[in-house]
Amino acid sequence: MAVKQKISALRLIPPDARLVPDPVCLRTKEDFAPSSQRRSRIMGPSVHYSHVRPLVEPFPYAIDFTEEMQDKAGYIETWLSQREPSIRRGALLVPEKEPYKRVLLGSSPNALPSLDIDDEAVQVLGGAAMLADFEPYAARYSGHQFGVWAGQLGDGRAITVMCTDEGEVQLKGTGRTPYSRSADGLAVTRSSVREFLCSEYMAALGIPTTRALSIVGVPDVSVMRERVERACVIARVAPSFLRIGSIQTQTDVDGLRRVAEVSAELLGIDIKTPDWASQLVLECAARNARMVAGWQVWGFMHGVINTDNVSILGLTIDYGPFAFMDIYDPLHICNHSDDGGRYAYRSQPANVLYALQALLTSLSPLITSPPDVESHFNAIYEKEYDRLMALRLGIKHGTLGKELLAIMQDKALDFHTTFCRLANDADALVAEVGGEPLKEWVNPQFVLRQWVLEEVIKDVEEGRTEMLEKVLAMSQDPCRNWGACEELTEELVTATDMSSQDVVEEEKRLCSAFAISTIIEEHGLRAQHIQSPESLELPLHHLLPVLLQQTVRP
């Protein structure tokens with residue numbers, strides 16, 4: 001077990017010296033202006049990042065000008081400087097003006113094992129203070145969005161607040177940066193809860209992902225979205241947040257080489273070898289192939305696989321309109337703004353490959369003999385997909401997974417419930433289809449469904465965090481036999497005001513499909529369709545009665 005340390009005692013690692021900071025935001029400049037951190041602009045061709053301090057304020061900023069005020073520009077700079085961390089207090093910098101209250105809503109200490117998440121840490125992780133020995137920064141990147149070149153993008157509401165031996169810590173929702181464009185740079189409770197829980201759920205499933213360290217509420221800051229919501233800051237951790245867009249943005253060859261070298265070394269590639277840039281592409285492709293294979297097997301839909309949302313390290317990053325599959329539909333679109341269905345479930349591997357081909361194109365000035373990215377990606381993807389599908393089924397069988405998905409689609413079956421029902425009838429499955437049985441299989445008892453997230457968000461927005469804590473525990477151990485009396489511990493029961501039986505029933509409820517009848521209606525399916533099995537010319541047809549015994553909530 002790691003020894004817990006105060007956040008101010010952690011060993012800090014500065015940004016790689018090869019990466020170039022935006023000169024406008026350097027505080028060593030005599031004419032530095034705090035507003036330079038908040039004004040959107042196009043960076044010089046070799047810039048990799050911009051220094052930005054956290055500023056969680058309602059936007060547009062409520063700066064109280066008076067008619068007789070002569071130097072309004074100077075007043076703006078003073079107003080901003082008073083509200084960003086600048087006054088030394090021990091190992092921290094704090095604002096001159098008392099910041100808005102921070103409330104720790106939840107934490108996942110395993111994301112950064114050595115950190116003691118005490119009051120000091122909450123202030124830093126909530127963007128109310130910063131470490132005096134680390135100047136936060138927002139990264140510059142570009143990318144293709146829905147297949148169209150979008151130009152410069154960058155961290156519009158995220159800043160890296162420290163890099164340690166255990167990873168880079170980035171805060172999302174800490175205010176405007178030079179990459180915010182017209183946005184406010186803030187995050188809200190709803191989106192923060194979703195990313196917090198899903199990051200940890202994905203990690204528990206073994207899918208490569210960024211981790212969620214904490215979620216800190218700023219209840220006195222209102223944020224305008226489709227409705228007025230409350231500000232929230234989520235801290236996420238990764239070895240690096242470099243993405244394919246970090247390389248795409250570099251039109252300057254020297255700047256390209258610098259970020260490519262840093263990326264290659266993160267992937268364990270020796271940059272002294274002649275073909276190191278080709279190796280970078282192939283290793284990035286291999287990691288992302290394994291990642292997206294996990295998405296497909298576990299029914300995860302990202303929703304926005306723009307090239308700037310694809311990690312160099314093959315991590316799932318930037319959780320937005322994600323969802324887990326309910327009724328199996330390979331054409332399902334989880335992003336309501338994806339009118340053309342570009343990022344539908346079945347198209348996810350193709351879109352990750354599209355991003356990798358964009359990476360190869362961007363690195364072409366450094367590559368003499370381009371590698372066959374598509375063949376490399378497809379071979380690794382298929383192998384990993386088959387391996388993970390065997391884990392879900394419990395047997396090695398060449399075609400069983402595809403046949404099962406065909407049945408799911410034809411009979412409108414719930415994706416996860418179907419796998420669990422097969423696991424409960426393992427002997428019949430092996431007897432029916434043959435194959436090599438595995439010693440164990442992996443099927444989550446708990447699935448982070450949309451209805452669960454909506455209930456958690458509602459509770460947190462109303463000031464209750466008990467359900468967030470419960471669902472976090474279930475997300476971090478999804479294959480546990482939740483809802484079984486023998487699995488209860490005194491700690492689980494005493495953590496709530498519920499009786500043992502109530503805890504069991506609540507866990508069963510959270511593990512259920514719950515809203516499956518609603519999903520059927522949304523898909524335009526008839527309920528009787530999934531309860532009247534028809535014989536199919538597939539090896540699994542004798543198991544249909546088992547598969548079709550799926551509970552539909554009245």
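Reader: Why is Arg181 called exposed?

Author: Arg181 has a relative accessible area of 51%, and the word exposed is kept for values over 50%, with buried meaning under 20% and partly exposed in between (1.4 Å probe, protein chains only), so Arg181 falls in the exposed class. Everything here rests on a predicted model, in which local features need pLDDT of at least 70 and side-chain atom pairs count only at pLDDT 80 or more, while totals for chains, interfaces and linings use all residues. Residues are numbered from 1 along each chain as its sequence is written, and side-chain values use heavy atoms, with hydrogens and water left out.

Reader: What is noted about the phi of Arg181, and where does this residue lie?

Author: Arg181 has a phi near 55°, a positive value in a residue other than glycine, and it lies in the loop between strand 10 (167–172) and strand 11 (187–188); helices (H or I, at least four residues) and strands (E, at least two) are DSSP runs, numbered from the N terminus. Most residues other than glycine have a negative phi, and most peptide bonds are trans. Phe146, not a glycine either, also has a positive phi, of about 55°, and the peptide bond from Phe59 to Pro60 is cis, with omega near 5°.

Reader: What makes Phe146 partly exposed?

Author: Phe146 has a relative accessible area of 32%, which lies between the two limits just given, so it is partly exposed.

Reader: Why is the pair of Phe146 and Tyr343 called tilted?

Author: Rings of Phe, Tyr and Trp (its six-membered ring) pair if their centres lie within 6.5 Å, and planes under 30 degrees apart count as stacked, over 60 as edge-to-face and the rest as tilted. The centres of Phe146 and Tyr343 are 5.1 Å apart and their planes stand at 40°, so the pair is tilted. This pair links distant parts of the chain, since Phe146 is in the loop between strand 7 and strand 8 and Tyr343 is in the loop between strand 15 (323–324) and helix 7, 197 residues apart. Unlike partly exposed Phe146, Tyr343 is buried, with a relative accessible area of 2%.

Reader: How do you know that the pair of Phe377 and Tyr381 is stacked?

Author: The ring centres of Phe377 and Tyr381 are 6.2 Å apart and the planes are at 10°, so the pair is stacked. Phe377 and Tyr381 are 4 residues apart in helix 8, separated by about one helical turn; Phe377 is buried at 1% relative accessible area, and Tyr381, at 10%, counts as buried too.

Reader: Why is helix 7 called largely enclosed by the rest of the structure?

Author: In helix 7, 11 of the 15 residues are buried, so the helix is largely enclosed by the rest of the structure. The buried residues, including Leu353, Leu356 and Leu360, pack against strand 7 (142–145), helix 4 (244–248), helix 5 (253–266), helix 6 (276–298), strand 14 (300–301) and helix 8 (373–393), where contact means heavy atoms within 4.5 Å.

Reader: How do you know that the span of helix 7 is close to the one expected?

Author: Helix 7 (residues 348–362) reaches 21 Å from its first C-alpha to its last, close to the expected 21 Å, a figure obtained as 1.5 Å times one less than the number of residues.

Reader: What makes strand 12 and strand 13 partners?

Author: Two strands pair if DSSP finds at least two bridges between them, and 10 bridges join strand 12 to strand 13 (residues 228–238), which run antiparallel. Strand 12 and strand 13 form a hairpin with 3 residues between them, and the bridge partner of Gly217 in strand 13 is Cys232. Strand 12 (residues 211–224) also pairs with strand 4 (residues 103–107), in the antiparallel sense over 4 bridges.

Reader: Why is one side of strand 2 and of strand 5 left without a neighbour in the sheet?

Author: The open sheet of 3 strands has the order 2-3-5, with antiparallel pairing. Strand 2 (87–89) and strand 5 (130–131) stand at its edges with a single partner strand each, so one side of each has no neighbour in the sheet.
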